[in-house]
Amino acid sequence: MEPKTYFIRTYGCQMNELDTEIMAGQLEKRGLVPSSNEENADLLIFNTCSIRDLAERKVMGKLGRIGRGQKNHAIIGVTGCMAMAKKDALFRKFPHLDFVMGTNNITELGAIVDEVLYTKRPVFKTDDHFEENLDYLIAKRDNKLKAHVSIIRGCDKFCTYCVVPYTRGQEVSRPPESIVEECRRLVDAGYKEITLLGQNVNSYGKDKPEWNCFFHDLLYKIDQIPGMERIRFMTSHPIDITVELMQAVRDLPSLCEFVHFPIQAGSSRILKKMHRIYTKEQYLEKVELLRHYVPNVSLGTDIIVGFPTETEEEFLETFEVMKQIRYSIAFIYAYSPRKGTPAIRWKDDIPEEVKQDRLQRLMDLQNEIANEERQHLLGQTFEVLVERHNKDGKMLKGRTRCWKKVIFEGSEDLIGTLQQVKVHSYGHQTFIGELASPLHSLSLSCR
Ligand code: SAH
Ligand code: SF4
Ligand code: F3S
């Protein structure tokens with residue numbers, strides 16, 4: 001029976017969120033409507049993540065439970081990175097699954113659902129390579145102000161701990177005309193902020209040298225779109241952060257002064273073992289250069305603690321680098337061994353308590369740094385994209401160019417606009433401010 005309603009549960013990163021929007025668009029084009037909950041959906045999809053053990057366990061638990069409770073004619077599918085990591089082993093563990101569709105087969109969702117319907121047998125498609133034939137314009141976006149736009153899929157870096165090169169395949173850049181066209185349409189539809197997505201956005205164009213359009217070239221093209229207010233990008237690899245990119249952050253009015261610059265570890269020996277292809281010194285030099293070009297830039301990072309053989313001294317190097325650089329945002333993780341990655345051959349020899357202790361020490365340090373940064377920013381005025389009401393419904397809420405949350409009083413019609421807000425205090429991680437008069441001088445400083 002043709003399904004009438006669908007529900008997609010999404011795990012993992014922004015790329016998965018965007019893939020969910022694209023799948024939802026495909027299903028709605030076919031006439032399906034969203035179901036308000038997963039129990040009642042005729043088609044239920046789990047768009048999964050494999051990055052750490054916990055991410056997988058969440059989905060496995062859910063899949064086990066859903067098998068027992070779901071109404072019996074529903075079609076249940078697994079998509080995303082776990083589909084690639086576990087492939088048909090998923091059918092053995094969860095016999096009630098109808099399909100497993102890999103990250104590179106997203107265009108085939110409709111055909112796969114048809115095959116399930118007609119053959120009444122489990123269907124399994126997990127290609128290793130992505131063919132650039134996706135209709136991105138079909139994406140069904142719930143947010144009307146901020147959009148994610150995919151510019152490159154896959155990753156060729158092969159960090160030894162990471163599943164992404166195996167679950168997303170090789171890097172495939174999307175043609176610049178197609179990206180610019182989508183951005184133009186989004187701006188015309190009233191979008192104010194576009195985040196360019198890829199596992200490695202700054203490798204953009206390297207797989208297609210004949211286009212002669214690298215990441216910074218693409219940024220210049222997008223910045224020129226009339227009405228483009230804000231561009232962000234996620235995520236970048238330090239090795240591909242070029243001087244041209246730094247200059248783009250300095251020069252392009254719409255490009256936000258925030259760069260995710262993930263170091264992963266502060267010890268050069270561990271970085272080498274991670275295959276990050278830079279040393280601590282090279283990384284620090286690059287940060288210095290970026291700050292030379294863009295003194296007010298805000299930096300974000302990802303860090304893994306407890307990588308195999310990491311000593312206390314090596315961990316302290318990470319601690320010192322964080323103290324030195326003072327990131328605005330840091331995502332800190334305990335190392336999680338992943339099947340199929342090169343690091344799995346090394347014993348996961350750092351005890352869980354030690355990992356948790358290192359994690360906690362870095363989090364405490366980051367909280368301290370972030371608090372000092374907030375204190376330092378009080379009294380300054382920032383451009384805020386007003387996104388919605390605060391939870392209590394009284395204040396408005398938005399973000400600065402450097403990703404800081406701000407709440408302030410104002411009328412509803414400011415939602416969807418850019419405003420200057422002077423911040424006077426903060427609670428938790430959110431600044432509290434008031435609308436600044438238009439004559440108030442604007443501080444672009446984010447640090
Ligand atoms: N392409 C991005 C990373 C995507 S994964 C980049 O290179 O920045 C997001 C983060 O998850 C990584 O930066 C890393 O810090 C973390 N991560 C990846 N694999 C991990 C693992 N096996 N254990 C713990 N953290 C991991
Ligand atoms: Fe994973 Fe490294 Fe690729 Fe990032 S650059 S996705 S951490 S392999
Ligand atoms: Fe997870 Fe895959 Fe994203 S492993 S973090 S969903 S690329």
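Where is the place of Thr235? In this predicted model, Thr235 is found in the loop between β11 (230-234) and α9 (243-251). The views below start with the whole chain and come back to that loop later.

**View 1. The chain splits into three parts, called domain 1, domain 2 and domain 3.** Domain 1 covers 5-125, domain 2 covers 136-376 and domain 3 covers 378-440. If you take the centres of domain 1 and domain 2 over their C-alpha atoms, they sit 28 Å apart.

**View 2. Here is where domain 1 meets domain 2, with 27 residues of domain 1 in contact with 25 residues of domain 2.** The size of an interface is often given as the accessible area lost when the parts come together. For domain 1 and domain 2, the area buried between them is about 2,100 Å², and 59% of it is on carbon and sulfur atoms. Polar contacts turn up here as well: 11 residue pairs between domain 1 and domain 2, with both residues at pLDDT 80 or more. On the domain 1 side, helices α1 (14-29), α2 (53-69) and α3 (81-86) each bring at least two residues to the face that touches domain 2. Which of them gives the most to that face? That would be α1, with 13 residues. Sort the touching side of domain 1 by class and you get 12 nonpolar, seven polar and eight charged residues.

**View 3. Zoom in on the side chains of Arg168 and Asp19, which form a salt bridge.** Side chains of opposite charge can pair when their charged atoms come close. In this pair, the distance from N to O is 3.0 Å. Five salt bridges cross the interface of domain 1 and domain 2, and the overall count is 37. Arg168 lies in the loop between α6 (164-167) and β9 (172-173) while Asp19 is in helix α1, so the pair links parts that are 149 residues apart in sequence.

**View 4. Ligand 1 has 15 residues around it.** The ones that come nearest are Tyr161, Gln199, Gln264, Asp302 and Ser336. Look at the nitrogen atoms of ligand 1: one is 3.0 Å from a polar backbone atom of Tyr161, and one is 2.8 Å from a backbone N or O atom of Ser336. Thr235 appears here too, with an N or O atom of its side chain 3.3 Å from a nitrogen atom of ligand 1.

**View 5. Back in its loop, Thr235 follows a cis peptide bond.** The bond in question runs from Met234 to Thr235, and its omega is near -20 degrees. As in the opening, the loop is the one between β11 (230-234) and α9 (243-251).

**View 6. Ligand 2 sits among residues that include Cys155, Cys159 and Cys162.** The rest of the surrounding group is Lys157, Phe158, Tyr161, Val164, Pro165, Asn200, His237 and Arg276. By class, this shell has seven nonpolar, two polar and two charged residues.

**View 7. Ligand 3 has a shell that draws on both domain 1 (5-125) and domain 2 (136-376), with at least three residues from each.** Around ligand 3 you can pick out Cys13, Asn16, Cys49, Ser50, Ile51, Cys81, Val164, Arg168 and Gln199. Five residues of this shell are nonpolar, three are polar and one is charged.

**View 8. Lys120 has a positive phi, and it is not a glycine.** Its phi is near 55 degrees. You'll find Lys120 in the loop between α5 (109-119) and β6 (123-125).

Conventions
Residues are numbered from 1 along each chain as its sequence is written. Chains are lettered from A and ligands numbered from 1 in the order in which they are written. This is a predicted model: local features need pLDDT of at least 70, side-chain atom pairs count only at pLDDT 80 or more; totals for chains, interfaces and linings use all residues. Side-chain values use heavy atoms; hydrogens and water are left out. Domain bounds come from an automatic or database domain assignment. Contact means heavy atoms within 4.5 Å. Buried area is the accessible area (1.4 Å probe) that two parts lose on being put together, summed over both. A salt bridge is a side-chain nitrogen of Lys or Arg within 4 Å of a carboxyl oxygen of Asp or Glu. A polar contact is a pair of N or O atoms within 3.5 Å; within protein, one must be able to donate a hydrogen and the other to accept it, and residues adjacent in sequence count only if both atoms are side-chain atoms. Helices (H or I, at least four residues) and strands (E, at least two) are DSSP runs, numbered from the N terminus. Ala, Val, Leu, Ile, Met, Phe, Trp, Tyr, Cys and Pro count as nonpolar, Asp, Glu, Lys and Arg as charged, and the others, Gly among them, as polar. A residue is near a molecule or strand if one of its heavy atoms lies within 4 Å of it.
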